[in-house]
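Me: I would like to learn how to read helix packing and a nonpolar core. Could you walk me through an example?

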Amino acid sequence: MAKNKAAETICWLAILALLILSIVNVVYKGTKQTLLFTRDELKSGEVSKSWEFFRKEQQLSQHKAKIENFRLTLDRNQNISSMRFTVIDPSDDNSYTMLDYSSCFSCEDKGEDRLTVTSDKVDGKPAQYDRLMTADEFFSKVEILNNQHFFTASRYYAYTHLYSTGEYENTSYDGPYFVLEGTELKQLQTFHSLDKDYRDYGSIQVIGSNSSGSYQTSEGTTKSVIIR
């Protein structure tokens, strides 16, 4: 009888442990799988609205959540092929949430067609946090550029890749440079890294490629926009 009681106790403890692990997974691994954009959602032009819904669903801070390593691939019809980015969000005075987002609608590897949202908490401020753009600002700029058809795929390439580190930095890539000031988009006549007026701002690279999984920056494939 005592053995049965002990076995029953162990069984309940095992169940309790699984429940605790499940709760931890929900809280720290971001198991709430929220889709940011549907495959054709960029065509609606409501980027900021979609981000705001995602932010609230994931309980991210307004004006404090920051973005890094943003990658978005569009096909020739301006449908989303895949998207990846990381959001860093202050949780309290001593910890930050690192949220990783990945969606893929038409990857070359069909096994990757999925949505994955995970998050972890880290102690202390990540070193790059102060150098990053807020996600609110970033997606508002993406909306403006998208509505001005800046991301329209070139007829020479099957895919257009958008990439941004999310950092305020002085980057230099081959190809033409543009600057977005407010809602005004204009092409620069001089190389921006030589002009102090355009240093330490965010930027997005737009790169043409015939592969959905890889690209190469060059003068013939790449244009960059500085975000002010």
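Me: Which residues in helix 2 meet which residues in helix 3?

Reply: Happy to help! This is a predicted model, in which local features need pLDDT of at least 70, side-chain atom pairs count only at pLDDT 80 or more, and totals for chains, interfaces and linings use all residues. Residues are numbered from 1 along each chain, and side-chain values use heavy atoms, leaving out hydrogens and water.
Helices are DSSP runs (H or I, at least four residues) and strands likewise (E, at least two), numbered from the N terminus. From helix 2, Val47, Ser48, Lys49, Trp51 and Arg55 meet Ala135, Asp136, Phe139, Ser140, Val142, Glu143 and Asn146 of helix 3; contact means heavy atoms within 4.5 Å.

Me: How do the axes of helix 2 and helix 3 cross?

Reply: Two packed helices are described by the angle and the distance between their axes. Here the axes of helix 2 (residues 47-57) and helix 3 (residues 135-147) come within 8 Å and cross at roughly 150°; axes are lines fitted to C-alpha atoms over the stretch in contact, with angles from 0 to 180 degrees between N-to-C directions. Helix 2 is therefore roughly antiparallel to helix 3 (an angle over 145 degrees).

Me: Which residues touch the most other members of the largest nonpolar core?

Reply: In soluble globular proteins, nonpolar side chains tend to be buried together. A nonpolar core is a set of buried Ala, Val, Leu, Ile, Met, Phe, Trp, Tyr and Cys residues joined through side-chain atoms within 4.5 Å; buried means under 20% relative accessible area (1.4 Å probe, protein chains only). Among the 35 residues of the largest core, Leu36, Phe70, Met83, Phe85 and Phe139 touch the most other members. Helix 3 gives the most to this core, six residues. A second, separate core of five residues includes Ile88, Tyr96, Met98 and Tyr129.

Conventions
Angles under 35 degrees count as roughly parallel, over 145 as roughly antiparallel, 65 to 115 as roughly perpendicular and the rest as oblique. Buried means under 20% relative accessible area, exposed over 50%, partly exposed in between (1.4 Å probe, protein chains only).
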